[in-house]
Amino acid sequence: MNKNNYYGHPDFYELLEKMKEIHSNKNYDYSGEDDPFKNFRMSENMGICAWKGCLIRISDKFSRLCSFAKKEEYKVKDENIEDTLMDLSIYALIAILLY
């Protein structure tokens, strides 16, 4: 579908493209070729179903965002606010798939 056929802000669709790239790159780093959610399923070894394990990761990101909202700075410079929000968005989609 052509971008012109979408409704909404064009930058939103650019972010979706960026999400695909981030997800692909992190999947390459963290998961096995046989199971793209292998790293998320590791929580099952501890009796926590994968989608709930993903919720824990979401809560970590949300906690980081709440802290940032109060302090408006990160001491760890490896991840900025945009990175945290992007990860949160990706984790939410993964949680849907795992559920």
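This is a short walk through the structure, from its core to its charged network, its aromatic pairs and a few outlying residues. The model is a predicted one.

Start with the core. The largest nonpolar core has 16 residues. Phe40, Cys54, Ile90, Ile94 and Leu98 have the most contacts inside this core. Three helices, namely helix 1, helix 3 and helix 4, each supply at least two of its residues. Helix 4 gives the most, with 7 residues.

Leu98 is a good place to look next. Setting aside residues up to four places away in sequence, Leu98 touches Phe37, Phe40, Arg41, Ala50, Trp51 and Cys54. Two of these, Phe40 and Cys54, are themselves listed with Leu98 among the core residues with the most contacts.

Phe40 also has a charged partner. The charged end of Arg57 sits over the ring of Phe40, 4.5 Å from the ring centre. A second arrangement of this kind involves Arg64 and Tyr74. Here the charged end of Arg64 lies over the Tyr74 ring, 3.8 Å from its centre.

Now turn to the salt bridges. Side chains of opposite charge can pair when their charged atoms come close. A search of the whole structure finds 6 salt bridges. Which residues does Lys61 pair with? One partner is Glu79, in a salt bridge of 3.0 Å from N to O. Lys61 lies in helix 3, while Glu79 lies in the loop between helix 3 and helix 4, so this pair ties together parts that are 18 residues apart in sequence. Both Lys61 and Glu79 are buried.

The other partner is Asp87, and the closest N and O atoms of Asp87 and Lys61 are 3.1 Å apart. This pair links distant parts of the chain, with Asp87 in helix 4 and Lys61 in helix 3, 26 residues apart. Both of these residues are buried. The pairing does not stop there. Salt bridges that share partners join Lys26, Lys61, Arg64, Glu79 and Asp87 into one network. Arg64 therefore appears twice in this account, once in the network and once over the ring of Tyr74.Look at Asp87 in more detail. How accessible is Asp87? Asp87 counts as buried because its relative accessibility is 7%, under the 20% cut-off. The side chain of Asp87 also makes a polar contact with the side chain of Lys26, at 2.9 Å. Beyond residues up to four places away in sequence, Asp87 touches Ile22, Lys26, Lys61 and Glu79. Lys26, Lys61 and Glu79 belong to the salt-bridge network with Asp87.

Another salt bridge lies within helix 1. The side chains of Glu17 and Lys20 meet at 3.2 Å, N to O. Glu17 and Lys20 are separated by about one helical turn, because they are 3 residues apart in helix 1. Glu17 is partly exposed, with a relative accessible area of 47%. Compare Asp87, which is buried at 7%.

Next come the aromatic rings. The structure holds 6 aromatic pairs. One of them joins Tyr6 and Tyr13. Is this pair stacked or edge-to-face? The Tyr6 and Tyr13 rings are stacked, 4.4 Å centre to centre with 15° between the planes. Tyr6 is partly exposed at 36% relative accessibility, whereas Tyr13 is buried at 18%. Tyr13 has a second ring partner, Phe12. Phe12 and Tyr13 meet edge-to-face, 5.4 Å centre to centre, with 85° between the planes. Phe12 is partly exposed, with a relative accessible area of 47%. Tyr6, Phe12 and Tyr13 form one aromatic cluster.

Asn5 comes just before Tyr6 in the numbering. Asn5 is placed in the segment before helix 1 (10–30). At 45% relative accessibility, Asn5 counts as partly exposed. Asn5 and Asp35 are 30 residues apart in sequence, and their C-alpha atoms are 34 Å apart in space.

Finish at Glu72. Most residues other than glycine have a negative phi. What is phi for Glu72? It is near 55°, a positive value in a residue other than glycine. Glu72 sits in the loop between helix 3 (50–71) and helix 4 (81–98). Glu72 is exposed, because its relative accessible area of 63% is over 50%. Glu79 shares that loop between helix 3 and helix 4, but Glu79 is buried.

Key. Predicted model: local features only at pLDDT ≥ 70, side-chain atom pairs only at ≥ 80, totals over all residues. Heavy atoms only, no water. Helix = DSSP H or I, 4+ residues; strand = E, 2+ residues; numbered from the N terminus. Buried < 20%, exposed > 50% of the residue type's maximum accessible area, 1.4 Å probe, protein only. Core = buried A, V, L, I, M, F, W, Y, C linked by side-chain atoms within 4.5 Å. Contact = heavy atoms within 4.5 Å. Phe/Tyr/Trp six-rings, centres within 6.5 Å; stacked < 30°, edge-to-face > 60°. Lys NZ or Arg CZ within 6 Å of the ring centre and 35° of its normal. Salt bridge = Lys/Arg side-chain N within 4 Å of Asp/Glu carboxyl O. Polar contact = N/O pair within 3.5 Å; in protein donor to acceptor, adjacent residues only side chain to side chain.
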